[in-house]
Amino acid sequence: MAKPLVQATGRRKTSVARVRLFDGTGQVTLNGKSLDDYFPEATHRTRAMEPLKVADQEGRYDVNATLEGGGTTGQSDALRLGIARALIEVDPELRPVLKKAGLLRRDDRKVERKKYGLRKARRAPQFTKR
């Protein structure tokens, strides 16, 4: 395999995406699978490829990514951030465009832990007066 142009990392919830960009034709490989095979749901595919669309770089780079942890939504959002960061390393002039679209901000929301004495993180057991 050819040497990657750039490498970048994206994270979301407990998911981590290690993204490598190559000069190419727009082929996307995720954990050895194609984009359509890895993300059967169209919303995840479009969300993950949003940075390439916003920067008008579709079909210019091949994306090879390793995704681990979390679920499909977390992984697609981690991939989205990783691709955006990689594009900036290739061409720093794309930064204002991607920043305006909100693609460079890491979504730091995570699941709140469950507390003892409660049913969930905040849901208390039902109160009975009598």
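Strands here are DSSP runs of E with at least two residues, numbered from the N terminus. With that in hand, welcome to a short tour of this predicted model. One place where the numbering helps is Asn31, which lies in the loop between strand 3 and strand 4. The fold can be read as an open sheet of 5 strands, with helix 4 lying across strand 1, strand 2, strand 3 and strand 5.

**The sheet**

- The strand order is 1-2-5-3-4, and the pairing is mixed.
- Strand 1 and strand 4 (33-34) are the edge strands, each of them pairing on one side only.
- Strand 2 and strand 5 run antiparallel and are joined by 8 bridges.
- Two spots help you follow that antiparallel pairing: Val16 stands opposite Glu68 in strand 5, and Asp23 has Tyr61 of strand 5 as its bridge partner.
- Strand 3 pairs with strand 5 in the parallel sense, over 3 bridges.
- On that parallel side, Leu30 stands opposite Ala65 in strand 5.
- Strand 5 is largely enclosed by the rest of the structure, because 6 of its 8 residues are buried.

**Helix 4**

- Helix 4 has 19 residues and reaches 27 Å from its first C-alpha to its last, which is close to the 27 Å expected at 1.5 Å a residue.
- Relative to strand 1, helix 4 runs at about 145°.
- As many as 14 of the 19 residues of helix 4 are buried, so the rest of the structure largely encloses this helix too.

**The nonpolar core**

- In soluble globular proteins, nonpolar side chains tend to be buried together.
- The largest nonpolar core in this model has 29 residues, and those with the most contacts inside it are Leu30, Met49, Leu79, Ile83, Leu87 and Leu98.
- At least two residues of this core come from each of strand 1 (6-12), strand 2, strand 3 (28-30), helix 1 (35-38), strand 5 (61-68) and helix 4 (72-90).
- Helix 4 gives the most to this core, with 7 residues.
- Leu30 is worth a look on screen: leaving aside neighbours within four places in sequence, it is in contact with Leu35, Tyr38, Phe39, Ala65, Leu67 and Leu79.

**Around Ser15**

- Ser15 lies in strand 2 (residues 15-23).
- Ser15 counts as buried because its relative accessibility is 1%, where the cut-off for buried is under 20%.
- The side chain of Ser15 reaches the backbone nitrogen of Gln75 at 3.4 Å.
- Not counting residues up to four places away in sequence, Ser15 touches Gly10, Glu68, Gly69, Gly70, Gly71, Gly74, Gln75 and Ala78.

**Two loop residues with positive phi**

- Asn31 is not a glycine, yet it has a positive phi of about 50°.
- With a relative accessibility of 38%, Asn31 counts as partly exposed.
- Asp56, also a residue other than glycine, has a positive phi near 55°.
- You will find Asp56 in the loop between helix 3 (50-54) and strand 5.
- Asp56 is exposed, because its relative accessible area is 66% and the cut-off for exposed is over 50%.

Key. Residues are numbered from 1 along each chain as its sequence is written. This is a predicted model: local features need pLDDT of at least 70, side-chain atom pairs count only at pLDDT 80 or more; totals for chains, interfaces and linings use all residues. Side-chain values use heavy atoms; hydrogens and water are left out. Helices (H or I, at least four residues) and strands (E, at least two) are DSSP runs, numbered from the N terminus. Buried means under 20% relative accessible area, exposed over 50%, partly exposed in between (1.4 Å probe, protein chains only). A polar contact is a pair of N or O atoms within 3.5 Å; within protein, one must be able to donate a hydrogen and the other to accept it, and residues adjacent in sequence count only if both atoms are side-chain atoms. Contact means heavy atoms within 4.5 Å. A nonpolar core is a set of buried Ala, Val, Leu, Ile, Met, Phe, Trp, Tyr and Cys residues joined through side-chain atoms within 4.5 Å. Two strands pair if DSSP finds at least two bridges between them. The expected span of a helix is 1.5 Å times one less than its number of residues. Axes are lines fitted to C-alpha atoms, for helices over the stretch in contact, and angles run from 0 to 180 degrees between N-to-C directions.
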